[in-house]
Amino acid sequence: MTAHAFAITTTLACTMLCDWAGVAAESGMTARALASPTESPAVATDMRVGGDDKQTRFVVDLNRKIDLAAFTLADPFRVVVDLPQITFKLPAKAGEQTRGLVKAFRYGLIMQGGSRIVLDTKGPVRLDKALVLDAVEGQPARLVLDLVATDRASFMRNIALEKHPAHNVSVRPSEAPPKVDGDARPLIVLDPGHGGIDNGTKGSGGELEKDVVLAFAQTLREKLESGGKFRVAMTRSDDTFIPLAERVRFARTHGAALFISVHADALPRSEGQAEGATVYTLSENASDAEAARLAEAENKADAIAGVDLTTEPDDVANILVDLAQRETKTFSMQFARTVVGELKTAARLHKHPLKSAGFKVLLAPDVPSVLVELGYMSTKDDLKQLTSAAWRARTAQALAQAVDTFLTPRIAGTGGGRN
Ligand SMILES: [Zn+2]
């Protein structure tokens, strides 16, 4: 997208670029990236934010020039920058620099071959400049965004004027379920939460929910497959972002018999401590305040990744009303109870291990779905378990047993000549 009229604010450009000359040159580029420039993704080596509440500049140093497409989104206010796949080798604390109009930002893989940077802004902003500068005089190539504060009315007008057909992420899960002719074994879809640009919650040592839940889902997959009774597919099997609706669609189009979304929770320090695993099902009204908070947090995944939410069908509540999903709901509840029963033997459970709330990822009207929060990344003992291979194997085994306990009578009941 190059349609933006980018006026150049020369004063800001000069102060900031001149100030920063040489900074990036020191950080250098990796020899490996230079060795095969045509195949390797570009590398982001450093970044910085400068300016104030009226004008803010966001700069990322790159080892070479690349294309970009930048646009703004409302509710919440965001600036999204789509790029070819980038290797981010930024200093560890780079993501914590926020200043001026930039409230928070994150970066990562949004789809195979594509990276994204999402900035949360303090209010409506105008993209005054969004470009990648060539490397000059000892400075590396730089991605430069200039944000200028604006009012909501102008912001909404700008959005309406922009033509950006490719805004939304339309990625396919990285893997299609195995299709073997005549294989009537039930398909279990495992859904490791978050991924790519969306890290999920964080442990005290920098452990990321997206990694913890992917490792768990992979172990669970092995346990389920080794039993031979089920086919298994995962909504993601690598560090890629998948929109919530896409996860649901994946389970539905492949006729999943069960959908298991895997997450790990965290409590803000002010809310004290909690521990153990919880199994959630879908409901219009949350079972308690904590369940409501959690569903809200998990439902934010799309906003975090810069998905335009204004074009989405409406609330969870509205959808629920219309769904002829009583049977699915009953199955989901039964399965959730079975999971809690089996997990008891292997893992620590939350004091109220069975809860419900309006999770978008549980919206399939025809696939029994649960969301398992394995434990709390914010609780020391839980985090130790969540990152332990022994715990993972034990807990995945219990969950695989729950799938077996729940589905085997059903297969027997309907199976007849089935496998
Ligand atoms: Zn999560």
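**Ring contacts and the zinc site**

In this predicted model, the charged end of R410 sits over the ring of F406, at 4.0 Å from the ring centre. R410 also lies over the face of F331, with a distance of 4.2 Å to the centre of that ring.

Contacts between aromatic rings were examined next. Seven aromatic pairs are present in the structure. One of them joins F105 and Y107 in a tilted arrangement, with 6.4 Å from centre to centre and 35° between the planes. F105 is buried, its relative accessible area being 7%, whereas Y107 is partly exposed at 26%. An edge-to-face pair is formed by Y280 and F359, whose centres lie 5.2 Å apart and whose planes make an angle of 65°. This pair links distant parts of the chain, 79 residues apart: Y280 belongs to strand 13 (residues 277-282), while F359 is found in the loop between strand 14 (349-357) and strand 15 (369-376). Both Y280 and F359 are buried. In addition, F105 and Y107 join F58 and F88 in one aromatic cluster.

The zinc ion is bound by protein donors from H194 (NE2), E209 (OE), H263 (ND1) and E298, the last of which is listed with two OE donors; the donors lie 2.0 to 2.4 Å from the ion. Along the sequence, the donor residues follow the spacing H-x14-E-x53-H-x34-E. H263 lies in strand 12 (residues 258-265) and E298 in helix 7 (residues 289-299), so this pair ties together parts that are 35 residues apart in sequence. H263 counts as buried at 5% relative accessibility, and E298 is likewise buried, with a relative accessible area of 7%.

Key
Residues are numbered from 1 along each chain as its sequence is written. This is a predicted model: local features need pLDDT of at least 70, side-chain atom pairs count only at pLDDT 80 or more; totals for chains, interfaces and linings use all residues. Side-chain values use heavy atoms; hydrogens and water are left out. Donors are N, O and S atoms within 2.8 Å of the metal (3.2 Å for Na, K and Ca); water is not among the atoms, so sites may look incomplete. Helices (H or I, at least four residues) and strands (E, at least two) are DSSP runs, numbered from the N terminus. Buried means under 20% relative accessible area, exposed over 50%, partly exposed in between (1.4 Å probe, protein chains only). Rings of Phe, Tyr and Trp (its six-membered ring) pair if their centres lie within 6.5 Å; planes under 30 degrees apart count as stacked, over 60 as edge-to-face and the rest as tilted. A charge sits over a ring if NZ of Lys or CZ of Arg is within 6 Å of the ring centre and within 35 degrees of the ring normal.
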